[in-house]
Amino acid sequence: MSSFDDAGPGACASARSAAAALGDDTLGACGAAAAIDDGDLNPSACDLCPRACGANRAAGERGACGAGAEVLVARAALHLWEEPPISGDNGSGTIFFAHCPLRCDYCQNAVIAHGALGAPARVPDLAAMCLDLEQQGALNVNFVTPTHYAPHARAAVRLARVRGLALPIVWNTSGYETARAIRDNANEVDVYLTDFKYADASLGARYSHVPDYPERATEALDAMVRAVGAPAYDEYRGQERMTRGVVVRHLILPGHLDDSKRVVQTVHERYGADVRLSIMNQYTPVVATAAQAGDARARRVLARCPELACRVPDEEYEELLDFADALGVPDYFWQEGGACEESFIPEFSGTGA
């Protein structure tokens, strides 16, 4: 397995063996040029995520995720804190979208998940961001929480490809996806960087306000593995880079070591070497910080879930890693050092958007 340190995922790697600018709005691909109308990409009865809230986003109505007709981007910049073959030394070309279908109570990116920050972006703008990140030396283009803007993200990839984009596309998701949405990504997405948050459905209801998380995440992960296959790598500017495949992230939460063990066992037994596990110890009690600063929502969350004010003890994380070793998980990512720090949370100031 490979570690990633306290700067956040992917800042560095070490071994711990398990045994040990666009000029127009046209796609122009294959002689079938078509003007991009962003409005046509918005659903009139939204079912882009498993909530299937039915919002008429084409008319400006907001969905359960908070998104309306306008795509909002909070940050487009190189990001060094993903897993090593995603970030390498140069960084992953991340595009962080505002809003989120889950909006977990403990989200470290709550300021954008709740839509407080974000600059409007049309499809040509997104494509230009992709190309700019490539020019900066990014190993890939990494769409972060793109589910509710999936049609726009796919259209941007197609447009950027026509303009010369040659990087792999990473779909960085909470795992709360529909299998159909993954199939729709077939021609645009190369790598899935997906969460598997909970094995127990009650935890999904408690923390993410969805009653069906394990079921939906499993269906989506099945579709991801079918779509992109086992992990594959190349060397890009002297760095190992994942070009195809699935990385499954799991974040251990305070008080839920047993559920984390169930997640690790489920993923390992169901998918084996078809995915790379990333077992994370970066839970940061940002909700406690927000509550102390007077945030009324955070105070309500802590009143209902006081455990979210705690950190995960180091010994529990080590027990989870030992459990993965005992299962025979052959190659996975793990974190070392004080990963649960707010210093690695990106600054969402509209950079690059």
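This report walks through a predicted model of a protein chain, from its overall make-up to its cavities and a handful of individual residues.

## The chain as a whole

Let's start with the broad view. The protein chain has 353 residues, and 56% of them are buried. Its secondary structure comprises 11 helices and 12 strands.

On the outside, the chain exposes about 13600 Å². Carbon and sulfur atoms supply 48% of that area.

## The largest cavity

If you are looking for enclosed space, the largest cavity holds about 710 Å³ of it. Its lining is made up of 35 residues. Those lying nearest the centre are Gln108, Asn109, Asp195, Lys197 and Arg249, so these five are a handy set to select when you want to find the spot on screen.Several elements of secondary structure contribute to this lining. β4 (92-97), α2 (110-113), β7 (169-173) and β10 (239-251) each supply at least two residues, and β10 gives the most, with 3 residues. By residue type, the lining of the largest cavity divides into 19 nonpolar, 11 polar and 5 charged residues.

## The second largest cavity

The second largest cavity has a volume of about 70 Å³. It is lined by 13 residues, and those nearest its centre are Cys46, Leu48, Cys49, Cys53 and Cys65. The lining here comprises 8 nonpolar, 2 polar and 3 charged residues.

## Valine 247 and strand β10

Strand β10 appears again when we turn to single residues, for valine 247 is placed in it. Is valine 247 buried or exposed? Its relative accessible area is 0%, and it therefore counts as buried, the cut-off being under 20%.

Beyond its neighbours within four places in sequence, valine 247 is in contact with Glu83, Tyr192, Leu193, Thr194, Met242, Arg276 and Ser278. Valine 191 can be located from here too: the C-alpha atoms of valine 247 and valine 191 are separated by 7.9 Å, with their positions 56 residues apart along the chain.

## Buried residues in three helices

Isoleucine 86 lies in helix α1 (residues 84-87) and is buried, at 0% relative accessibility. Not counting residues up to four places away in sequence, isoleucine 86 touches Ser92, Leu139, Asn140, Asn142, Val191 and Met242. Met242 is also among the contacts of valine 247. Isoleucine 86 and alanine 138 are 52 residues apart in sequence, while their C-alpha atoms are 9.5 Å apart in space.

Alanine 127 belongs to helix α3 (residues 123-135) and has a relative accessible area of 0%, which makes it buried. From its C-alpha atom to that of arginine 154 is 9.7 Å, and the two residues are 27 apart along the chain. Leucine 159, in helix α4 (residues 150-162), is buried as well, with a relative accessible area of 0%. Its C-alpha atom is 7.4 Å from that of proline 124, a residue 35 places away in sequence.

## Three histidines in loops

Two histidines deserve a look for their backbone angles. Most residues other than glycine have a negative phi. Histidine 99, however, has a positive phi of about 75 degrees, and histidine 209 has a positive phi of about 65 degrees. Histidine 99 is in the loop between β4 and α2, whereas histidine 209 is in the loop between α6 (201-208) and α7 (213-228).

How buried or exposed are they? Histidine 99 has a relative accessible area of 6% and is buried. Histidine 209, at 37%, is partly exposed.

The third, histidine 256, lies in the loop between β10 and α8 (257-271). Which side chain does the side chain of histidine 256 join through a polar contact of 2.9 Å? The partner is tyrosine 207. Leaving aside neighbours within four places in sequence, the residues in contact with histidine 256 are Leu203, Tyr207 and Glu307.

Definitions and conventions
Residues are numbered from 1 along each chain as its sequence is written. This is a predicted model: local features need pLDDT of at least 70, side-chain atom pairs count only at pLDDT 80 or more; totals for chains, interfaces and linings use all residues. Side-chain values use heavy atoms; hydrogens and water are left out. On a 1 Å grid over the protein atoms alone, a cavity is a set of points where a 1.4 Å probe fits but cannot get out, and a pocket is an open set with protein on both sides within 12 Å along at least five of seven lines; lining residues have an atom within 4 Å of a point. Grid points are joined across faces, edges and corners, and a volume is the space filled by probe spheres set on the points. Helices (H or I, at least four residues) and strands (E, at least two) are DSSP runs, numbered from the N terminus. Ala, Val, Leu, Ile, Met, Phe, Trp, Tyr, Cys and Pro count as nonpolar, Asp, Glu, Lys and Arg as charged, and the others, Gly among them, as polar. Buried means under 20% relative accessible area, exposed over 50%, partly exposed in between (1.4 Å probe, protein chains only). Accessible areas come from the Shrake-Rupley method with a 1.4 Å probe; for residues, only the protein chains shown count as cover. A polar contact is a pair of N or O atoms within 3.5 Å; within protein, one must be able to donate a hydrogen and the other to accept it, and residues adjacent in sequence count only if both atoms are side-chain atoms. Contact means heavy atoms within 4.5 Å.
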